[in-house]
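Reader: Could you walk me through this model and show how each label is earned? I would like to see the reasoning behind the words.

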Amino acid sequence: MPVTRGFSGRPRRGRPDRLPPGQYDTGRDWPVLTAEVAPVVDPARWSLTVDGEVERSTTWSWDELRALPGSTYDGDIHCVTTWSMLGTSFTGVSVDVLLDAAGPTASATHVMAHATTGYTTNLPLADLRGGRAWVVWEHEGRPLPAEHGGPVRLLVPHLYFWKSAKWVTRLELMDRDRPGFWETNGYHDRGDPWLEQRYQGDP
Ligand SMILES: Nc1nc2c(c(=O)[nH]1)N[C@H]1C(S)=C(S)[C@@H](COP(=O)(O)O)O[C@H]1N2
Ligand SMILES: [Mo]
């Protein structure tokens with residue numbers, strides 16, 4: 001039987017089910033979307049802090065972060081500008097490991113992710129829990145490119161990609177929700193691509 005190109009092979013199989021509503025498949029073309037000037041971040045001077053509503057404010061240097069038990073995400077990412085990249089991979093450490101070290105207080109409900117540049121984005125704490133969020137330094141086995149947030153970015157692939165702060169440097173636990181950069185400019189506080197939570201006012 002003839003096989004029609006595009007209807008066979010690994011990445012395409014089941015593809016319609018894998019694209020959230022209103023998204024297209026960008027293939028291997030990974031757009032760069034940065035609201036600010038991309039910084040040059042020297043790992044030797046970089047650190048990551050988890051603070052705010054926690055029992056123990058904790059800071060990791062680059063070397064300390066890399067010494068934590070690593071884990072890999074294999075799957076899809078979705079940007080609110082409608083591109084999705086299917087079947088990609090990132091390696092880093094699960095945010096669960098960082099949260100367990102810092103110990104969120106009973107009043108912690110939300111997190112503000114901060115980048116070296118001042119970019120911020122807010123997330124429900126629950127979305128960073130349960131093996132669904134990472135702090136990553138590798139993409140498909142190579143160091144994360146600087147324009148994509150290297151040396152280290154947040155990765156929350158089940159939410160729109162603006163939640164995945166590039167050049168992340170701080171996870172601030174909060175006892176209420178507070179809008180970050182794009183959320184102040186009209187984007188949704190949660191940003192679930194399957195619910196099309198693009199803008200404030202979307203379900
Ligand atoms: N620090 C920082 N992180 C950021 C952004 C940004 O402008 N600055 N843009 C967000 C948006 S809107 C998207 S879609 C993704 C884009 O990541 P990429 O440039 O690696 O595709 O990063 C998110 N994280
Ligand atoms: Mo985006």
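Reader: How many aromatic pairs does the structure hold?

Author: This is a predicted model, and it holds 10 aromatic pairs.

Reader: Why is the pair of Trp-46 and Trp-62 called edge-to-face?

Author: Two values settle that. The ring centres are 6.4 Å apart, and rings pair if their centres lie within 6.5 Å. The planes of Trp-46 and Trp-62 stand at 90°, and planes over 60 degrees apart count as edge-to-face, so this pair earns the label.

Reader: What makes this a link between distant parts of the chain?

Author: Trp-46 sits in the loop between strand S1 (24-25) and strand S2 (47-52), while Trp-62 belongs to helix H2 (residues 62-66). The two residues are 16 residues apart.

Reader: Are Trp-46 and Trp-62 buried or exposed?

Author: Both Trp-46 and Trp-62 are buried, a word that stands for under 20% relative accessible area.

Reader: Which residues do ring pairs link into a cluster?

Author: The cluster consists of Tyr-119, Tyr-160, Trp-162, Phe-181, Trp-182, Tyr-187 and Tyr-199. Some of these names come back in the largest pocket: Tyr-119, Trp-162 and Trp-182 are among the residues closest to its centre, along with Leu-33 and Thr-34.

Reader: What is the volume of that largest pocket, and which classes line it?

Author: Its volume is about 360 Å³. The lining has 22 residues, split by class into 15 nonpolar, 4 polar and 3 charged. Tyr and Trp count as nonpolar here.

Reader: Now the sheet: what makes S3 and S7 edge strands?

Author: The open sheet has 5 strands in the order S3-S2-S11-S6-S7, with mixed pairing. Strand S3 (58-61) and strand S7 (120-124) each pair on one side only, and that makes them the edges. Neighbouring strands of this sheet are turned by 15° against each other on average, direction ignored.

Reader: How do you know that S6 and S7 pair?

Author: Two strands pair if there are at least two bridges between them. Strand S6 (residues 110-115) and S7 have 5 bridges, in the antiparallel sense. One of the partnerships joins His-110 to Pro-124 in S7.

Reader: And how many bridges join S4 to S5?

Author: There are 7 bridges between strand S4 (residues 71-78) and strand S5 (residues 83-94), again above the two that pairing needs. These strands run antiparallel, with Tyr-73 opposite Phe-90 in S5. Their hairpin has 4 residues between the strands, and Thr-82 takes a positive phi near 90°.

Notes: Residues numbered from 1 in each chain as written. Chains lettered and ligands numbered in written order. Predicted model: local features only at pLDDT ≥ 70, side-chain atom pairs only at ≥ 80, totals over all residues. Heavy atoms only, no water. Axes fitted to C-alpha atoms, helices over the stretch in contact; angles between N-to-C directions. 1 Å grid on protein atoms, 1.4 Å probe; cavity = no way out; pocket = protein on both sides within 12 Å on 5 of 7 lines; lining within 4 Å. Points joined across faces, edges and corners; volume = space filled by probe spheres on them. Phe/Tyr/Trp six-rings, centres within 6.5 Å; stacked < 30°, edge-to-face > 60°. Buried < 20%, exposed > 50% of the residue type's maximum accessible area, 1.4 Å probe, protein only.
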